[in-house]
Every structure is written in C-alpha cells, then in structure tokens.
Amino acid sequence: MADDYLVRIGKLIRDARQHRGWTQAQLAEALATSQSAVNRIERGNQNISLEMIARIGEALDSEIVSLGYAGPMHLRVVGGRRLSGAIDVKTSKNACVALLCASLLNSGRTVLRRVARIEEVYRLLEVLGSIGVRARWINDGTDLEIVPPAELDLDAIDADAARRTRSIIMFLGPLLHRMDRFKLPYAGGCDLGTRTVEPHMIALRRFGLEIAATEGQYHAVVDRSVSPDRPIVLTERGDTVTENALLAAARHDGITVIRNASSNYMVQDLCFFLEALGVKIDGIGTTTLTVHGVPDINVDVDYSPSEDPVEAMSLVAAAVVTESELTIRRVPIEFLEIELAVLEEMGLDHDRTPEYFADNGRTRLVDLTVRPSKLEAPIDKIHPMPFPGLNIDNVPFFAAIAAVAQGKTLIHDWVYDNRAIYLTDLNRLGGRLQLLDPHRVLVEGPTRWRAAEMMCPPALRPAVVVLLAMMAAEGTSVLRNVYVINRGYEDLAERLNSIGAQIEIFRDI
C-alpha cells in the first residue's frame with residue numbers, strides 16, 4: 001500500500017515536471033538535490049515527506065499537495081452528454097485583478113461587486129492582506145470591500161502568494177506614488193514561456209521608476225523629479241502594460257497621454273473604475289488615452305466590473321464541442337464579435353438578443369443561443385490580434401472547435417512561447433493536431449473523441465480546452481491537478497453540471 005502511494009506521487013511529480021518542460025536535472029537543481037534522487041522519487045522508490053512534496057509543487061508551480069489542505073483537486077468527467085438550458089457569464093477575472101491592484105490608489109473604501117472567487121483573486125488578496133490592506137467579503141460573500149492602511153508594510157509581503165501570480169506586476173504603477181523605494185517578488189502565474197517585463201519598465205520609467213531585478217525580487221527606486229513631458233508610446237499594445245501605465249498616470253499631477261494603448265475589455269473596466277475615483281480619461285476604447293491625473297484620491301467608491309468575454313467564449317466552445325443547444329446569458333458582445341464572425345463563417349447556428357448594459361452602465365451585453373451545427377474549417381488561419389481583433393486568450397478554444405469541424409485549420413498562437421504546444425494534449429483524447437513549430441498547430445477534423453486520464457496542462461486556457469474535449473468524449477476521463485483552472489474560473493465544474501455535464505471533483509492524496 002505504501003509503495004503504491006509513493007508510485008502515484010512519483011507519477012504526479014513526473015507529469016508535472018514534463019508539462020513544465022523541465023529535465024530531472026533542472027528539477028534537482030531547483031530543489032538543491034541530485035538528479036538520481038529526483039529519479040528515485042519519480043519511480044516511487046524513495047520515501048518523501050509532505051514538506052518535500054510541497055517544495056516540489058512550488059518549484060513546478062503545480063499544486064501536487066498543499067500543506068493544511070486536503071490535497072490537489074482532480075476532475076472525473078463522464079463525457080458524451082448534451083448540455084442544455086442557460087448559464088450566466090461571471091465577471092471578468094482580468095478586470096477584477098486589475099481593480100484589486102487599482103484599489104491601492106485610493107485611500108478611501110472600495111467596494112467591488114460580484115468579484116470572481118478564483119485562485120488568482122485569492123492570491124492577490126493574500127498579498128494585499130500581508131501588507132496591511134483590510135479586505136473582506138460582504139453581502140453573503142458576493143462583493144468585496146477593500147480598505148487600505150495609512151502606510152503599507154511591504155517588508156511583510158507574502159512572497160509565496162506574490163510569486164504565484166503575474167498580476168503582482170501591476171502593483172508597480174500604484175506603489176510608485178506611495179513610496180520612494182520598495183521591493184516586489186518576481187511574478188509567476190501560467191507557464192507560457194518568458195514574457196518580458198521590459199515594456200512595463202519603459203512605460204513606468206517615464207514616471208521616475210527604475211527597476212533592478214536581483215535575487216528573485218524587483219528592487220524599485222522612484223525619482224520624483226521625473227515626469228512624462230511628452231506622450232508615452234507603449235512598445236507593445238499589451239493589456240497589463242496599458243493598465244500599469246494607467247495606474248501610474250492616475251495619480252500623476254498633470255496630463256499623461258498614452259499611445260498604442262490596449263483598448264481591451266479589462267483596460268476599459270479599469271478606465272471606468274478610475275473615472276469613478278475622479279480621474280478623467282479621454283479616448284476610452286481607442287489606442288490613445290489621455291489621463292488627467294489626481295495626485296490624492298480619497299473617495300468611497302462602489303463599482304461593478306463587467307462580464308468576462310473569455311469565459312463566454314469557453315461556454316460557446318463547450319456548446320459547440322458537445323453538439324449542444326445552450327443559451328449563454330450576459331455575453332459582452334463588443335469583445336466577442338470577431339470570434340462570432342469567424343464561427344459564422346465556419347457555419348455556426350446561433351442567435352442573439354438585443355443589446356443591454358452591464359451593471360457598470362457602459363459595457364454592452366447580449367444573451368446568445370448556440371445550436372448544434374455542421375462546421376467547416378475556416379479559409380483563413382486562426383490568429384490573435386490586439387482588440388478589436390480575435391482575443392489572445394480565446395485562441396485555444398478554437399483548437400477544440402476546429403477539431404470538430406470538417407477540414408484542416410491552422411492556428412497561429414504567436415504571442416506565447418509554449419501555449420500552442422499544450423494544445424497538442426488534445427491528441428490524448430483522439431484529436432489530430434500536428435505541431436508545426438512552437439507557435440503553429442494544424443488541426444484536422446472532425447474528431448472522434450475518446451476518454452483518457454491525464455495531467456492538467458499548466459496553462460489556464462489549454463487546461464479548459466482539455467476539459468471541454470473530455471466532456472465530449474464517450475466514457476470516463478480524469479483530469480488531474482486542476483489548480484490552474486481554479487486560478488481563472490469560479491466553480492466551473494459545478495456550473496457545467498448545472499447545464500447537463502457530469503463532472504465529479506475528487507482528491508486522492
């Protein structure tokens with residue numbers, strides 16, 4: 001029995017290491033042990049303490065086991081079932097994390113309505129709590145109240161929580177207004193390859209922020225004599241880069257012009273929130289933002305972030321892959337129009353209600369009904385572009401959709417280094433995906449899905465794509481260690497079960 005236990009742990013560790021793209025030698029170096037010890041652990045030939053399992057999980061950014069909890073979460077999926085009924089789209093994960101960072105600009109009380117209760121939010125709340133911010137769930141756990149202290153205690157920052165989210169980089173913009181010197185742990189998050197922070201540094205340097213990256217931390221120094229004397233031109237039209245520039249400009253005493261700015265959904269939500277704080281912003285929804293900064297912000301604000309277009313797209317994909325008729329309510333249509341246009345070209349049968357406004361009073365929503373359709377591969381390749389192009393985070397869902405369409409579809413995921421590679425995990429479930437290079441995948445359909453047991457990919461959207469394929473596959477599949485899904489989706493299994501899926505949550509360690 002003990003040997004079987006060690007073998008199962010070893011298999012989980014091996015799968016997590018391989019998904020990370022590490023060799024045994026690389027894992028051994030991270031653990032300050034020998035490669036032979038790692039080899040024995042993975043073969044189940046070495047006793048291993050809970051502390052060592054936790055260390056391995058931290059090194060691989062994979063929740064193999066969490067001390068103090070019941071262990072990693074897995075999903076058992078009985079596939080081949082049709083979905084039906086209606087489901088509401090939750091609020092935007094990416095908007096919520098930006099607004100949590102933006103709350104540091106405000107000395108008053110911030111209330112955010114219907115905040116997504118996901119791991120990414122929990123990690124940021126742990127970081128905020130560790131530096132003195134009081135955050136509590138109110139109104140039966142639906143809304144979040146945030147009250148900052150007079151002085152932040154960055155020396156007490158929860159480094160483990162900070163390293164498990166890339167969103168921590170958006171603390172730079174607010175913090176440069178609050179202190180002349182500070183340190184932040186390196187950012188973590190999904191394993192999608194190296195994503196340079198240099199565009200952030202280029203933008204924030206115009207506000208006097210200089211960063212030195214040493215010993216796993218950003219060491220920041222602010223020169224108060226420096227301020228933007230001409231428009232800031234972002235070197236990439238990235239969402240978090242734009243958000244960081246906005247957060248820095250919000251409390252800059254003067255007018256800041258940001259060019260080549262992202263106009264994506266989370267950026268617009270952040271702009272709406274900053275306006276509620278008293279910051280005037282011209283050009284919302286365009287690539288040029290003019291920010292009229294307010295040097296001191298002390299207001300009680302109540303704000304409702306809009307719905308998540310990427311979650312909406314994942315629900316559309318769930319309906320398509322399982323050949324179901326499903327109504328998806330509260331879809332932020334402005335940020336899904338290109339995706340729907342591509343799906344219409346492929347033959348998707350759907351209709352939508354007249355538009356209405358989200359609770360923020362600005363974002364346009366519709367209810368969307370998707371019906372079983374005979375899809376054909378699109379003539380053009382699937383590739384992301386900055387908004388208003390096809391959303392970068394929606395590209396993986398087209399891998400599953402293309403797999404049920406007749407013909408061959410080329411998917412070019414040029415933004416991330418590794419994400420296209422993870423899409424080939426669909427081959428374990430009967431897919432026919434050929435990796436042409438680290439950024440391009442050729443998908444051939446239609447697919448006869450088959451059940452399988454496998455490790456969850458370490459990137460959020462490919463992980464959900466694998467789950468959707470399991471829902472379509474006849475038989476019982478197992479998806480192990482779904483922490484990465486919990487980072488971006490709230491109660492996803494339970495919500496899919498409410499529309500006809502059969503997904504069981506279980507733990508085995």
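A residue counts as buried when its relative accessible area is under 20%. Keep that cut-off in mind on this tour of a predicted model.

**Stop 1: two rings.** Select phenylalanine 273, in helix α11. Its relative accessible area is 0%, so phenylalanine 273 is buried. Now add tyrosine 303, in strand β13 (residues 301-303). Tyrosine 303 is buried too, at 5%. The two rings form an edge-to-face pair, 5.8 Å centre to centre, with 70° between the planes. The pair ties together parts that are 30 residues apart in sequence.

**Stop 2: a second pair.** The structure holds three aromatic pairs. Select tyrosine 265 and phenylalanine 335: their ring centres are 6.0 Å apart and their planes meet at 65°, so this pair is edge-to-face. Tyrosine 265 lies in helix α11 (residues 265-276), and phenylalanine 335 lies in the loop between β14 (326-332) and α13 (337-346). Both residues are buried. Add Phe387 to see one aromatic cluster with Tyr265 and Phe335.

**Stop 3: two helices.** Select α12 (residues 309-321) and α14 (residues 395-403). Their axes are 9 Å apart, at an angle of about 10°. Angles under 35 degrees count as roughly parallel, and α12 and α14 are therefore roughly parallel to each other. Which residues of α12 meet α14? They are Val310, Met313, Ser314, Ala317, Val320 and Val321; across from them sit Phe397, Phe398, Ala400 and Ile401. By class, this contact has nine nonpolar, one polar and no charged residues.

**Stop 4: a sheet.** Select β6 (181-185), β7 (209-214) and β8 (residues 217-222). They make an open, antiparallel sheet in the order β6-β8-β7. The edge strands are β6 and β7. Five bridges join β6 to β8. Finish on proline 185, whose bridge partner in β8 is glutamine 217.

Methods:
Residues are numbered from 1 along each chain as its sequence is written. This is a predicted model: local features need pLDDT of at least 70, side-chain atom pairs count only at pLDDT 80 or more; totals for chains, interfaces and linings use all residues. Side-chain values use heavy atoms; hydrogens and water are left out. Two strands pair if DSSP finds at least two bridges between them. Helices (H or I, at least four residues) and strands (E, at least two) are DSSP runs, numbered from the N terminus. Axes are lines fitted to C-alpha atoms, for helices over the stretch in contact, and angles run from 0 to 180 degrees between N-to-C directions. Angles under 35 degrees count as roughly parallel, over 145 as roughly antiparallel, 65 to 115 as roughly perpendicular and the rest as oblique. Contact means heavy atoms within 4.5 Å. Ala, Val, Leu, Ile, Met, Phe, Trp, Tyr, Cys and Pro count as nonpolar, Asp, Glu, Lys and Arg as charged, and the others, Gly among them, as polar. Rings of Phe, Tyr and Trp (its six-membered ring) pair if their centres lie within 6.5 Å; planes under 30 degrees apart count as stacked, over 60 as edge-to-face and the rest as tilted. Buried means under 20% relative accessible area, exposed over 50%, partly exposed in between (1.4 Å probe, protein chains only).
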